[in-house]
Amino acid sequence: MDEVYVNTEEVLGCRRKSKREHQTVEDIYMNHEVIQTVQRKTTGPAPPGSEDVKKSYWRAAVILLGLLCLFLLIGLITVVFLFTQGKSQWEMETEIIHELYDNVTSERNQLQTSYNILKTKQDQLQTSYNNLVKERDQLQKRLEDLTTNRDDLQRKLQYCQENWVAFSDSLYHVSSKQKSWEESRRDCLKKGSDLMIINSREEQNFVNQFKKHLWIGLTDSETEGTWKWLNGTQMTTSYWNSGEPNGGRKENCGHVNTYDSLNSWNDAPCSVLHFWICEKRVSP
Ligand SMILES: [Ca+2]
Ligand SMILES: [Ca+2]
């Protein structure tokens, strides 16, 4: 029973509420009509065609806005196109630069290789040149030696034609007359030579082969007992016969005496007459 009362009150409440809301809507319409009435009174009646003007404004604004969007779109496309073109140009230039760099690098490597080859050839040529210079110097030295030998042979030939005998590096002339030691030496000097100087065993054997008593260029006239050769050198190796020299101050000149033995020398008075032997050195 109580619930019935409650529901009845709720229904009654809703109806009162609905009625109040209906009254509120009516009030709004009434107020709207009042406002329109006031507006008509204050602004007057709307002029004919005003709606068309508004539509024209709206249409112009829409068209303007559309044109603006179109221009923006065109500008955007242009910017993208230019950017793309610029990028392509940059990429192309970069590719060309890379290609040029590769070409330059390749040419540089080829030049380096050529330089190395030329350097090697230059070193080889330098070595060949040095060898040729060395051979030239050797040939020059050989030519000089051959020239010297030729001149020596020519001199020997000339002296052989004048009864000179060649032995080792000297020419020898044996006299056919007998004279004192001093006169014998004078004759040798006239011939551009001097009395023989014996400074080897071979030369001693050579002079013995003539089998003559021959004055040689040995004397102790300057200092008794100190025998010297005519070129001023001290006698070191001697071939005195047994017991010689024994003449003291009376015998100051040496000569080949006992030619059948190696030791054939004797000291004798310088005034004694003997054959003599001159010696002329061919080589210095
Ligand atoms: Ca003496
Ligand atoms: Ca003697």
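**Entry 1: Cys188 and Cys278**

I began with the torsion of the link between Cys188 and Cys278 in this predicted model: the angle about the S-S bond is -85 degrees, which I recorded as left-handed. The S to S distance of this disulfide is 1.8 Å. I then located both partners. Because Cys188 belongs to helix α3 (residues 181-190) and Cys278 to strand β8 (residues 275-281), the pair ties together parts that are 90 residues apart in sequence. I also looked up their accessibility and found Cys188 and Cys278 to be buried.

**Entry 2: Cys253 and Cys270**

I next asked how many disulfides the structure holds, and the count is two. The other bond I examined joins Cys253 to Cys270, with an S to S distance of 1.8 Å. Its S-S angle is 95 degrees, and I noted the link of Cys253 and Cys270 as right-handed. Cys253 is placed in strand β6 and Cys270 in the loop between β7 and β8, so this bond ties together parts that are 17 residues apart in sequence.

I checked whether each partner is buried or exposed. Cys253 has 0% relative accessibility and therefore counts as buried. Cys270 has a relative accessible area of 22% and is partly exposed, since the cut-off for buried is under 20%. Counting bonded cysteines along the chain, I wrote down the pattern 1-4, 2-3.

**Entry 3: Cys69 and the annotated span**

I looked up Cys69 as well: its relative accessible area is 45%, and it is partly exposed. I then consulted the UniProt record, an unreviewed entry, which lists residues 57-83 under "transmembrane region". In the model I found residues 57-83 to be 100% helix and 0% strand, with the end C-alpha atoms 39 Å apart.

**Entry 4: The calcium ion (ligand 2)**

Which atoms coordinate the calcium ion (ligand 2)? I listed Glu244 (OE), Asn246 (OD1), Glu251 (OE), Asn266 (OD1), Asp267 (O) and Asp267 (OD), at 2.0 to 2.6 Å. The donor residues are spaced E-x1-N-x4-E-x14-N-D in sequence. I noted that Asn246, in the loop between β5 (228-229) and β6 (253-256), and Asp267, in strand β7 (residues 265-268), link distant parts of the chain, 21 residues apart. Asp267 counts as buried because its relative accessibility is 2%.

I turned last to the geometry. The angles among the six donor atoms run from 65 to 146 degrees, and the site is irregular. Ideal angles for six octahedral donors are 90 or 180 degrees. The octahedral label needs opposite donors over 155 degrees apart, and the upper end of the range at the calcium ion (ligand 2) is 146 degrees, so I kept the irregular label.

Key:
Residues are numbered from 1 along each chain as its sequence is written. Chains are lettered from A and ligands numbered from 1 in the order in which they are written. This is a predicted model: local features need pLDDT of at least 70, side-chain atom pairs count only at pLDDT 80 or more; totals for chains, interfaces and linings use all residues. Side-chain values use heavy atoms; hydrogens and water are left out. Donors are N, O and S atoms within 2.8 Å of the metal (3.2 Å for Na, K and Ca); water is not among the atoms, so sites may look incomplete. Four donors count as tetrahedral if all angles lie between 85 and 135 degrees; four count as square planar and six as octahedral if opposite donors are over 155 degrees apart and all others between 65 and 115; anything else is irregular. Helices (H or I, at least four residues) and strands (E, at least two) are DSSP runs, numbered from the N terminus. Buried means under 20% relative accessible area, exposed over 50%, partly exposed in between (1.4 Å probe, protein chains only). UniProt positions are given in the numbering used here, feature names are shortened, and annotations may be inferred rather than shown by experiment. A disulfide is a pair of cysteine sulfur atoms within 2.5 Å.
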